[in-house]
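Colleague: I am new to reading structures, and I would like to go through this one with you step by step. Could we look at it together?

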Amino acid sequence: MQPIRVLIVEDSLVFRELLIQNLSRDPAIQVVATAKDPFEARDAILRHKPDVMTLDVELPRMSGIEFLRKLMPQYPIPVVVISALSDKVFDALNAGAVDFVAKPTVSNRAQLEDFIRNELLVKIKIASTAKISNIKKTVLGQGHEVLPGKGKDKIVAIGASTGGTEAIFSVIKDFGTDIPGVVVTQHMPQGFTGMYAKRLNDQCRIQVKEAQTGDRVMPGHMLLAPGGDAHMRLIKVNGVYQVECKKGPRVNGHCPSVDVLFESVAKSAGADAVGIILTGMGGDGAKGLLAMRRAGARTIGQDESTCVVYGMPKVAYDLGAVQYQEKLPDIAGRTYALLNKM
């Protein structure tokens with residue numbers, strides 16, 4: 001099997017050398033070139049034809065985001081963005097990047113090397129399998145309607161990973177204020193989920209916030225699991241749906257975990273829920289979606305043709321957890337159709 005050919009775009013010489021040394025230790029990776037700015041990167045892409053590019057957001061002569069916007073229409077390539085804690089990373093994802101990692105703030109070399117080998121390297125390998133043609137910009141949709149009385153006391157639960165930030169927006173942009181309460185787990189580093197929630201809140205009809213323990217799940221509102229070391233669960237207290245965010249070990253390598261959320265929805269909401277699993281690597285969420293289906297919930301999986309990475313939805317489908325397999329633009333409509341039959 002041929003190694004993944006990687007282009008590193010990073011203006012810091014010290015960090016660039018760290019990336020080269022640590023990525024090159026993996027036999028599955030071949031660093032074919034480096035660049036300190038987008039102009040050098042453009043030439044390196046033409047010369048070396050890399051499989052994946054790592055890209056710093058803050059670069060001299062041209063920002064990484066502007067570079068992506070100019071690059072992707074002509075030379076689509078899987079890109080993993082390395083970003084400081086900033087909402088600019090979502091502009092990069094919207095411009096066509098596959099995924100991102102949070103740039104470590106530590107100066108300890110051992111911790112930096114651990115970050116490269118255990119976080120960035122994993123993202124590069126996932127990105128190498130991504131379908132770049134499925135990364136599309138979305139615009140605010142027209143919305144659908146829940147029939148009077150049909151959406152009361154129902155729950156919509158969504159889980160996603162790689163490619164999920166844009167996929168989630170593609171679904172919820174079509175949700176109106178009549179949609180039942182929505183709970184979402186998207187694999188994302190600590191600090192970024194709050195910024196992502198605010199971005200969605202500014203762009204969509206429904207109200208979106210990063211979840212906190214005790215938040216009520218209400219129609220027309222979406223609660224996003226906070227990134228970090230806590231899992232989000234749906235609970236019912238005195239007949240009212242709430243969320244609980246509690247620290248716990250990683251599940252399927254993730255915290256928060258989609259499985260943890262879906263299993264809690266199966267337990268608390270049962271047949272009064274719709275579960276949706278979107279693009280992502282691995283199998284997180286598949287068993288939880290199966291638990292939801294066995295509890296009587298309706299379940300939807302994103303189809304292969306529209307996934308950036310057809311991992312989580314495929315595992316769920318193979319387990320028998322998915323009732324309806326839909327193209328991404330059709331998932332909101334299917335959700336409304338199911339709610340109106342419940």
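Colleague: Which elements do the buried residues of α9 pack against?

Modeller: Please keep in mind throughout that this is a predicted model. Helix α9 covers residues 286-294, and its buried residues are Ala-286, Gly-288, Leu-289, Leu-290 and Met-292. Contacts from these buried residues reach both strands and helices, namely β6 (155-160), α8, β12 (273-277), β13 (298-302) and α10 (312-319).

Colleague: Which residue with a positive phi follows α9, and what is the value of that phi?

Modeller: As a background rule, most residues other than glycine have a negative phi. The residue in question here is a glycine, Gly-296, and its phi is positive, near 105°.

Colleague: Which residues other than glycine have a positive phi, for instance in the loop between α2 and β3, and how exposed is the one there?

Modeller: In the loop between α2 (38-48) and β3 (52-56) we find Lys-49, whose phi is positive, near 50°. Because a residue counts as exposed when its relative accessible area is over 50%, Lys-49 is exposed, with a value of 60%.

Colleague: Where is Asn-252, and what is its relative accessible area?

Modeller: Asn-252 belongs to the loop between β11 and α8, and its phi is positive, near 55°, although the residue is not a glycine. Its side of the cut-off is decided by the range for partly exposed residues, which lies between 20% and 50%. Asn-252 is therefore partly exposed, with a relative accessible area of 44%.

Colleague: Which peptide bond is cis, and what is its omega?

Modeller: Most peptide bonds are trans. The cis bond here leads into Pro-256, which is placed in the loop between β11 (240-247) and α8 (258-268). It joins Cys-255 and Pro-256, and its omega is about 5°.

Colleague: Why is Cys-245 not bonded to Cys-255, and how many disulfides does the structure hold?

Modeller: A disulfide needs two cysteine sulfur atoms within 2.5 Å. The closest cysteine sulfur to that of Cys-245 belongs to Cys-255 and is 10 Å away, which is too far for a bond. Both cysteines count as buried, Cys-245 at 17% relative accessibility and Cys-255 at 11%. The number of disulfides in the structure is zero.

Colleague: How do α1 and α5 pack, and what is the handedness of their crossing?

Modeller: Two packed helices are described by the angle between their axes and the distance between the axes. For α1 (residues 13-24) and α5 (residues 109-127), the angle is about 65° and the axes are 10 Å apart. Residues in this contact include Phe-15 and Leu-18 of α1, and Leu-112 and Phe-115 of α5, and by class the contact has ten nonpolar, two polar and three charged residues. The crossing of α1 and α5 is right-handed.

Colleague: How many helices and strands does the chain have, and what is its radius of gyration?

Modeller: The secondary structure of the chain comes to eleven helices and 14 strands. The globule rule gives 20 Å for 342 residues, and the chain comes close to this, so it is as compact as a globular protein of that length, with a radius of gyration of 20 Å.

Colleague: What share of the residues in the chain is buried?

Modeller: Along its principal axes the C-alpha trace spans about 60 × 40 × 40 Å. Of the 342 residues in the chain, the buried share is 54%.

Methods. Residues are numbered from 1 along each chain as its sequence is written. This is a predicted model: local features need pLDDT of at least 70, side-chain atom pairs count only at pLDDT 80 or more; totals for chains, interfaces and linings use all residues. Side-chain values use heavy atoms; hydrogens and water are left out. Buried means under 20% relative accessible area, exposed over 50%, partly exposed in between (1.4 Å probe, protein chains only). Helices (H or I, at least four residues) and strands (E, at least two) are DSSP runs, numbered from the N terminus. Contact means heavy atoms within 4.5 Å. Axes are lines fitted to C-alpha atoms, for helices over the stretch in contact, and angles run from 0 to 180 degrees between N-to-C directions. A crossing is left-handed if the near helix is turned anticlockwise from the far one by less than a right angle, and right-handed if clockwise. Ala, Val, Leu, Ile, Met, Phe, Trp, Tyr, Cys and Pro count as nonpolar, Asp, Glu, Lys and Arg as charged, and the others, Gly among them, as polar. The radius of gyration is taken over C-alpha atoms; the globule rule is 2.2 Å times the number of residues to the power 0.38.
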